[in-house]
Amino acid sequence: GRWHGSMAPCSCAQLHSCSLPTRCSGSAAKSLLFRFLPFLRWLPRYPIKDWLLGDIVSGFSVGIMHLPQGLAYALLAGLPPVTGLYSSFYPVFLYFFFGTSRHNSVGPFAVISVMIGSLTESLVPSENFLQSVNGSNATVNEELRDAARVELVATITVLTGIFQVALGLLQFGFVVTYLSDPLVRGYTTAASVHVLVSQLKNVFGVSQGENSGPLSLFVTVIDLCKKLPDTNVGTLVTAIIAMVAILIVKELNHKFAAKLPMPIPIELITIIVSTGISYGVNLKDKFGISVVGNIPSGLKPPVVPNMSYFGQVAGNAFAIAVVGYAICISLGKIFALKHGYKVDSNQELIALGLSNFLGGFFQCFAISCSMSRSLVQESTGGNSQVAGVIASLVILVTILKIGELFRDLPKAILAAIIIVNLKGMFKQFKDLRTLWKSNKVDLLVWVVTFIATLMLNLDIGLAVSVAFGLLTVIFRSQLPHYSILGRISDTDVYRDVVEYEMAQEVPGVKIFRSSSTIYFANVELYAEALKKKVGEPPNAENGPGLSVIELNAGESSAPSEPTLQSLGLPKPSFYAVILDFSPVSFVDTVSIKILKNIFRDFQEIEVDVFVASCPGEGDLQGHEPWLGMATPLAQSR
């Protein structure tokens, strides 16, 4: 924590940031409670007349979207459909109490679901549950497999929640800053390709083995191509009709958004109509079209997760925790900026973490925020998470009374819903053109992230992408842009004399600037660039150079005798060097040593060195008193 005064205890309002034991007043306890339960702050002041109707309409609209998406994303995660309904109920309801975003729609999300699906396929493959029936070909015991996968995923979800809550309590909301926007967009685009490939077997109606690990995407595609002759035509036609219908109506929803009171719930209509047709025509028996099967009604009691899985899935759970939070906080900040309120990044971590942690005990899989649902929640009049509560109640009614009616729903319909909802993700390929024009390094991060995630799978791909992103930061600081600044006449503006023709050097003065901060990894390059830009000192060959020299406390740094004139050496064409420190945020001990040598070297050739735009004392970490000076140019001679 931070000390407030030398030894004085902190005030109660500062309790959360103080490490001293202190007696807190009731107002501080109330403030702490409001911080961790934000709904206590805004719910008593909820404007019923202005907001309630909009929240009701928005809640029903989003709840209707949750139903088909929950079923579909459970399929994507390799789980029974009912777990998608659980994941659309418990976390959404819990987020109402802990979340700070008024418009985020939490719940199942395609990218998180496919990350979970890759784990269920690798750790609990169907091959482990093969059983022979009457001595015939072995078949998969889906009931045992699904039970094992639910147990695994519940453990992953609880662990994901633990990571998120811990990061939030430790004020580590900034961790998402290491996932730059190009990285997140490249990763989600590649994840969308994984989602698409995983659903093609349900579109073509073929059975495929489960592949995981590096290059598994390409193995799956090759295997699918080999099995295309076995395509179930009925399944393919069903999927194509559903995709075309959903795409057309979604475009109409977008085009006439201003005129429609709420979007046409085409996904819900599609699953209702297709389930009715499947039941009436008996598509499963007559045409071999695969259906979702039994969906149990009612809620189940909580189950303690199997902690023996923790060691196996800890890394994956952390990746899911970070990616899920990154998507949520980015959406939350967009809506907060638009509607003029603030989201607490650390509290969002805690809210998402508690939703996952508690949801894991009730057979939920890890959740995040959906852009499509969030946009609907906002555009249909949603003003608060009251809309989320109403949406969760719609799902609760479905779980208790309606869900079992969808047992004849074709899996091809769920695959169609998943694929159509990837449209927005695939639009991110447009980033390539934008980044090509604006920033080549960000473009490289996007492309490397995309390729690494495609080839190495989602978990390893994310680790490689983050590592590469950090390397680009090091690369940029290692190779900054060095320049000599000149003054634009009749102004106080100084610019690079190479890039700006109007910028002219001040006679006798060299103003040197680096575009990066100075630290141990680039200070030698800084010194070398300074020599090249201002010119080699006349006695450079015989002088001490720019190597690191330890200075004793009593050692003088005054110019040594004899002088250049007495030695017959020419004086340099300038008498002062100004180091522009405006980009410098900190210096370390190695930098200070090199800077001292720079001062000494130029003093030996009778050139003064000054530091300009240096942060004040206390702002520049690791500074020494002489670094805090800002000497005006007029006083340099």
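Aromatic pairs number 21 in this structure, a pair being two rings of Phe, Tyr or Trp (its six-membered ring) whose centres lie within 6.5 Å, with planes under 30 degrees apart counted as stacked, over 60 as edge-to-face and the rest as tilted. The model is predicted, and local features need pLDDT of at least 70, side-chain atom pairs count only at pLDDT 80 or more, while totals for chains, interfaces and linings use all residues. Residues are numbered from 1 along each chain as its sequence is written, and side-chain values use heavy atoms, with hydrogens and water left out.

One stacked pair is formed by Tyr482 and Phe512, at 5.8 Å centre to centre and with 10° between the planes. Because Tyr482 belongs to strand β5 (residues 482-488) and Phe512 to strand β8 (residues 509-514), this pair ties together parts that are 30 residues apart in sequence; strands here are DSSP runs of E, at least two residues, and helices runs of H or I, at least four, numbered from the N terminus. Both Tyr482 and Phe512 are buried (under 20% relative accessible area, with exposed over 50% and partly exposed in between, for a 1.4 Å probe and protein chains only).

Tyr519 and Phe520, by contrast, pair edge-to-face, 5.4 Å centre to centre with 90° between the planes. Tyr519 is buried at a relative accessible area of 13%, whereas Phe520 is exposed at 56%.

Elsewhere, Phe39, Trp42, Tyr46, Trp51, Phe89, Tyr90, Phe93, Phe96, Phe97 and Phe362 form one aromatic cluster. Gln385, in the loop between α14 (371-379) and α15 (386-402), is buried with a relative accessible area of 4%, and touches residues including Trp42 and Phe96 (contact means heavy atoms within 4.5 Å).

Note on methods. Lists of a residue's contacts leave out its neighbours within four places in sequence.
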